[in-house]
Amino acid sequence: MNGSGVDIPDRLAHLPGAAASKHLTRGVLTGQEQPPRVALLRASAPIADQSARWECAPLRELLEEAMRRFADSRSRADAWLAPRLHATLRMSRNEAADPAIWNFLALVAAPDYVIWRHRSPAEARNGEPGSVSPVRFTGPHYNQAFARLWWAAELFRNGENYRPAEIACGNQDVLNTALRLDAIDHRPTALAMVRVLEGLSASGASRLGDRVNALCSAVNAAGSTLMYDVIAADELPDQDGLRDWIEGADSAPAVPWDRLPDGPDDGTAPRDSVETLTRLFDKFQAEAPLRIRKWQPADEPSAQGVSLHKDYV
Amino acid sequence: MNTLFPYPTLVGEIEVRVKQVRIDGKPLSLSVVSRPQRAVALHQVERPNWEDGSIDLEVTLPELELADGPWSEVACVAILTEGSTNTRVVRRLQRDRLSSTWSGSVPVLRAMHRDRATLNVSAVATVGGVAGRTIGTADEAWIIDLLARTPVRQREIEIAEADFRDGPQEWLRPFKDAPWLVETAGEMPTILLNSSFEGITQLLKGSGNPLEKAASGLVAAQIAGEAWTAMFHSAVADLELDDDGAPLIPSGWRESVLRTMLPDVLPGLALADALIEVHNRHAAGYGWAELQSQIHFAASRRAQVPKNLTTAVRAITRSQEGATR
């Protein structure tokens, strides 16, 4: 037991999607009820591998610290949590692609975190409680509360350096839009997009979210005729480096809270490749049209001046 | 390729052949490769924990067309992708001057794949001063199946037996009187067959006299029909939208279900239009009820209900004739 009132299992397990979605009742999604622990544990399959990486306690510690640190601004927790979650829950892509592990984490090990991070504000009009979209509990890798952070860290890290992943996760539009794109499966593309984003934030560009979305559309559209992999070659990750890191989970200390942890030492993307694509994407970014917003405070005259609206008394 | 390209692309075909498959350095027998199905099966019972595979390819590009065309710095690349692990591995192939074929090897790292990867080949060149343009892609990609022992493209729906009444899966208990259940929430749709429902498994094995076989075929067709209907509904409900609110073609089994069923559900519409139509009807609710008979028709056609029913009717007629004769 802990302060949050969630009874924590010792180790992670696999919870099948059908069993998970069955228990996502309105009460669970609004955070008013706990998911039925006994039934969920019974539906779960244990993980045979006895490695320490499947222990729940280090994950709980991390999530509780995130809730404490970012009590006032929960979306900022993503950038802090993503690299630390990735470095705590050490897995190969093969293992992380199994939704059952994420279902278990969200419904059994940390439902309180999913509610804390993703619950919409209560609806003011009829006083209904806010709720969490079911995809945050069991959903595709770019939606699920923990999978999205783990995969963002995996796809945006550069070898053992998590800094690009931290920058990427500091922007909700990257998490919501870029993470869906197949283009970022090519590492130099992902890293170059982070560089462009970094440049934009540093220059204090306006409408950063719209710019990120425009950049994503442009990179994706150009990617259908331009083969980024040929313009900017990448190397295969070093499997030995990754394996050593995963096996090191048994002896590794808990991840640091105030500096970034080190990721697997499986090789970095070729510097030239990232630079070539950064130049290209900078150009895309400068040329990409921004989405037209319905509200544009600066350009649109206020309703009062051109009113067709009459006040009938 | 159906996309419109703002530059000249190849008309000729790109032909891809898998020459050899290795895991952990050891060559596998060529029975794991099916050329007509364009599939490679990498699962080896003898070596379940392999780590490092490779696929040797040989590719023929339309060389005459390339020689006369406006393309320079032509390269040929093999692209191995798998959506569920976000893995994308691209390797350049080398051109052999004598045979004018391109060849090379694509690594398949077990830790980077889960289930099924797709292998395709593209020709890339500099066109109009722009480097790295895709000028052609092989018509059909190869399937690299890491869980299958035999190389087949079309996957069958998984059928698993489970004891709904006394088995370990708690959530199946409320369904203890159902003979089967279709589950579409996972990576692969599964039909769960209730082994506590007396006689169902024997019936489906359906060996023996023609009447038993006919009954078995009929039940199998009914299960398949329900599975197709469930998969279709699930695929439509799970559609993801792009920025403009248009539905995207999903991946995996959802894609193949929609591709095979939409032409029967909304005849005469192109895939993209049918997808928009079916999404609108589902989301907005108009005409969704009317669509049910079309879905039902498409599903029973896929499940071969008419064919199995005819066989059953004939078998019954014959057995009655036999009795009265």
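Start by selecting B:Arg38 in this predicted model. At 29% relative accessibility, B:Arg38 is partly exposed. Now add B:Glu140, which is also partly exposed, at 34%. These two residues form a salt bridge, and their closest N and O atoms are 3.4 Å apart. Trace the backbone of chain B on either side: B:Arg38 sits in the loop between strand E3 (33-34) and strand E4 (39-41), while B:Glu140 sits in the loop between strand E10 (130-137) and strand E11 (142-145), so the pair ties together parts that are 102 residues apart in sequence.

Stay in chain B and pick B:Arg17 and B:Glu15. Their salt bridge brings the closest N and O atoms to 2.9 Å. Is B:Arg17 buried or exposed? B:Arg17 is buried, with a relative accessible area of 11%, whereas B:Glu15 is partly exposed at 40%.

Next, select A:Asp98 together with B:Arg114. Here the closest N and O atoms of the salt bridge are 3.7 Å apart. A:Asp98 belongs to the loop between helix H6 (93-96) and helix H7 (99-109) of chain A, and B:Arg114 to the loop between strand E8 (102-109) and strand E9 (116-127) of chain B, so this pair joins two chains. A:Asp98 is buried, with a relative accessible area of 16%.

Finally, colour chain A by secondary structure: you will find 16 helices and two strands. Of its 313 residues, 52% count as buried. Chain A exposes about 14,800 Å², with carbon and sulfur atoms supplying 51% of that area. How many salt bridges are there over all chains? The count comes to 32.

Key: Residues are numbered from 1 along each chain as its sequence is written. Chains are lettered from A and ligands numbered from 1 in the order in which they are written. This is a predicted model: local features need pLDDT of at least 70, side-chain atom pairs count only at pLDDT 80 or more; totals for chains, interfaces and linings use all residues. Side-chain values use heavy atoms; hydrogens and water are left out. Helices (H or I, at least four residues) and strands (E, at least two) are DSSP runs, numbered from the N terminus. Buried means under 20% relative accessible area, exposed over 50%, partly exposed in between (1.4 Å probe, protein chains only). Accessible areas come from the Shrake-Rupley method with a 1.4 Å probe; for residues, only the protein chains shown count as cover. A salt bridge is a side-chain nitrogen of Lys or Arg within 4 Å of a carboxyl oxygen of Asp or Glu.
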